[in-house]
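Reader: I have a structure open in front of me and would like to learn how to read its features one at a time. Could you take me through them with care?

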Amino acid sequence: MPDRLMLLDTASLYFRAFYGVPDTVRAPDGTPVNAARGLLDMIAKLVATYEPTHLVACWDEDWRPQWRVDLIPSYKTHRVAEVVAAGPDVEVVPDPLEAQVPLIRAELGALGIPIVGAADHEADDVIGSLAAQSAMPVDVVTGDRDLFQLVDDDRGVRVVYTGRGMSNLELLDAAAIVGRYGVLPEQYADYAVMRGDASDGLPGVAGIGEKTAASLLAAHGDLAGIIAAAASGTGMTAGIRAKILGAADYLAVAPRVVEVVRDLDLGEIDARIRATDAGELDALAERWGLGASAGRAAAALAARADA
């Protein structure tokens with residue numbers, strides 16, 4: 001089998017595990033471990049299904065970078081639990097999930113999966129940089145539609161989309177993006193800028209929905225072409241032109257917020273899947289009651305290590 005790199009949008013997955021696995025799943029001491037157990041089962045399924053040879057858990061070192069907030073102050077505002085002047089703001093995370101994050105990091109370490117983050121950047125930016133710089137095909141595992149902008153058939157970059165649950169995984173290539181949204185992957189960031197995203201605090205262009213955004217991109221190619229057409233008064237109705245021109249300040253900064261960074265220097269990462277150190281994982285599994293989930297993840301990785 002040819003080499004293939006799998007990039008996990010780790011927080012996206014462990015949030016999904018937390019809400020998808022009952023909180024009655026607990027360690028022997030009564031501590032909830034539903035997110036930790038669920039993530040192990042996700043890794044087992046993803047590795048067995050898509051057969052990567054390399055695997056990285058991408059991490060949010062800063063889930064709301066100040067440089068993005070400086071451009072659009074509403075960026076993820078509704079998810080801030082506490083403003084921290086000297087560092088990343090504290091995100092709203094349920095206490096039972098927050099308590100499991102150290103365990104999640106420990107189990108990833110025991111499985112030999114490198115955790116990679118970057119100061120002042122989100123996991124999306126780490127994923128974007130690793131995907132852009134990879135010499136091998138890439139599968140990006142995420143429930144975040146913004147990462148659809150990374151799909152690249154020529155380079156073998158696909159998205160394994162978890163938005164409909166782990167039992168309904170979708171493998172998205174360029175044709176799938178076009179079929180779903182009517183835009184090419186390389187147009188998706190501009191499409192998202194115009195459409196907006198309430199979950200990220202991005203207002204979008206007032207009065208421009210998904211269909212109009214797609215039609216404008218089909219006619220003018222990209223956001224720069226749309227703005228130029230609006231300025232010249234050609235290629236769109238007077239009403240749409242007014243909406244585009246009225247959003248000039250937002251459109252001047254939003255692309256930098258929505259576009260993932262692709263040029264981070266993340267150094268050398270040994271991401272090749274190897275058989276797990278059974279002693280370390282067994283001890284962790286016994287202490288926290290990770291049970292068969294740890295075994296399934298280790299077995300899936302071992303099968304790829306031997307491939």
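Reader: How many bridges join strand 6 to strand 7, and in which sense do the two run?

Author: This is a predicted model, so what follows is a reading of computed coordinates. Strand 6 (residues 138–142) and strand 7 (residues 157–161) run parallel, and five bridges join them; to find a place where they meet, look at Val 141, whose bridge partner in strand 7 is Val 160.

Reader: What sheet do the strands form, and in what order do they stand?

Author: The sheet is open and holds six strands in the order 5-2-1-6-7-8, with mixed pairing. Strand 5 (115–116) and strand 8 (170–172) stand at its edges, and because each has a single partner strand, one side of each is left without a neighbour in the sheet.

Reader: Which strands does strand 2 pair with?

Author: With strand 1 (residues 5–9), strand 2 pairs in the parallel sense over five bridges, while two bridges join strand 2 to strand 5, again running parallel. Cys 58 shows both pairings at one residue, since Cys 58 is the bridge partner of Asp 9 and also stands opposite Val 116 in strand 5.

Reader: Are the residues of strand 2 (residues 54–58) buried or exposed?

Author: Strand 2 is mostly covered, with five of its five residues buried. His 54, Val 56 and Cys 58 point one way from the strand, whereas Leu 55 and Ala 57 point the other way, and the residues of both groups are buried.

Reader: Which residues touch the most other members of the largest nonpolar core?

Author: That core has 59 residues, and Leu 7, Met 194 and Ile 244 are the ones that touch the most other members. Helix 8 supplies the largest share of this core, six residues. Apart from it lies another core, of 46 residues, which includes Phe 18, Trp 59, Ile 113 and Ile 273.

Reader: With which residues is Leu 7 in contact, leaving aside its neighbours within four places in sequence?

Author: Among the contacts of Leu 7 are Val 56 and Cys 58, together with Ile 127, Leu 130 and Ala 131, and also Val 138, Asp 139, Val 140 and Val 141. You have already met Val 56 and Cys 58 as buried residues of strand 2, and Val 141 as the bridge partner of Val 160.

Reader: Which residues of helix 10 are buried, and why do they lie on the same side?

Author: A general idea helps here: an α-helix has 3.6 residues a turn, so residues three or four places apart point the same way. In helix 10 (residues 223–232), the buried residues include Leu 223, Ile 226, Ala 229 and Ala 230. They cover an arc of only 125° around the axis, which puts them on the same side of helix 10. The face turned away from that buried side carries the exposed residues Ala 224 and Ala 231.

Reader: What do the buried residues of helix 10 pack against, and what follows the helix?

Author: They pack against helix 8 (188–195), helix 9 (210–220), helix 11 (238–246) and helix 12 (248–258). Helix 10 is followed by Gly 233, a residue whose phi is positive, near 75°.

Reader: How many aromatic pairs does a search of the whole structure find, and how are such pairs read?

Author: The search finds nine aromatic pairs. For the pair of Phe 18 and Tyr 19, the ring centres are 5.0 Å apart and the planes stand at 80°, so this pair is edge-to-face, a term that applies to planes over 60 degrees apart. Phe 18 is buried, with a relative accessible area of 12%, whereas Tyr 19 is exposed, with a relative accessible area of 60%.

Reader: Where do Tyr 188 and Tyr 191 lie, and how is their pair arranged?

Author: Both lie in helix 8, three residues apart, about one turn of the helix, and both are buried. Their aromatic pair is tilted, at 5.4 Å centre to centre and with 50° between the planes. Ring pairs also link Tyr 188 and Tyr 191 with Phe 148, Tyr 161 and Tyr 181 into a cluster.

Reader: Which charged residues lie over a ring?

Author: One of them is Arg 105, whose charged end sits over the ring of Trp 59, 4.7 Å from its centre. Another is Arg 287, which lies over the face of Trp 288, at 4.0 Å from the ring centre.

Definitions and conventions. Residues are numbered from 1 along each chain as its sequence is written. This is a predicted model: local features need pLDDT of at least 70, side-chain atom pairs count only at pLDDT 80 or more; totals for chains, interfaces and linings use all residues. Side-chain values use heavy atoms; hydrogens and water are left out. Buried means under 20% relative accessible area, exposed over 50%, partly exposed in between (1.4 Å probe, protein chains only). Helices (H or I, at least four residues) and strands (E, at least two) are DSSP runs, numbered from the N terminus. The arc is that of the directions from the helix axis to the C-beta atoms. Contact means heavy atoms within 4.5 Å. Two strands pair if DSSP finds at least two bridges between them. A nonpolar core is a set of buried Ala, Val, Leu, Ile, Met, Phe, Trp, Tyr and Cys residues joined through side-chain atoms within 4.5 Å. Rings of Phe, Tyr and Trp (its six-membered ring) pair if their centres lie within 6.5 Å; planes under 30 degrees apart count as stacked, over 60 as edge-to-face and the rest as tilted. A charge sits over a ring if NZ of Lys or CZ of Arg is within 6 Å of the ring centre and within 35 degrees of the ring normal.
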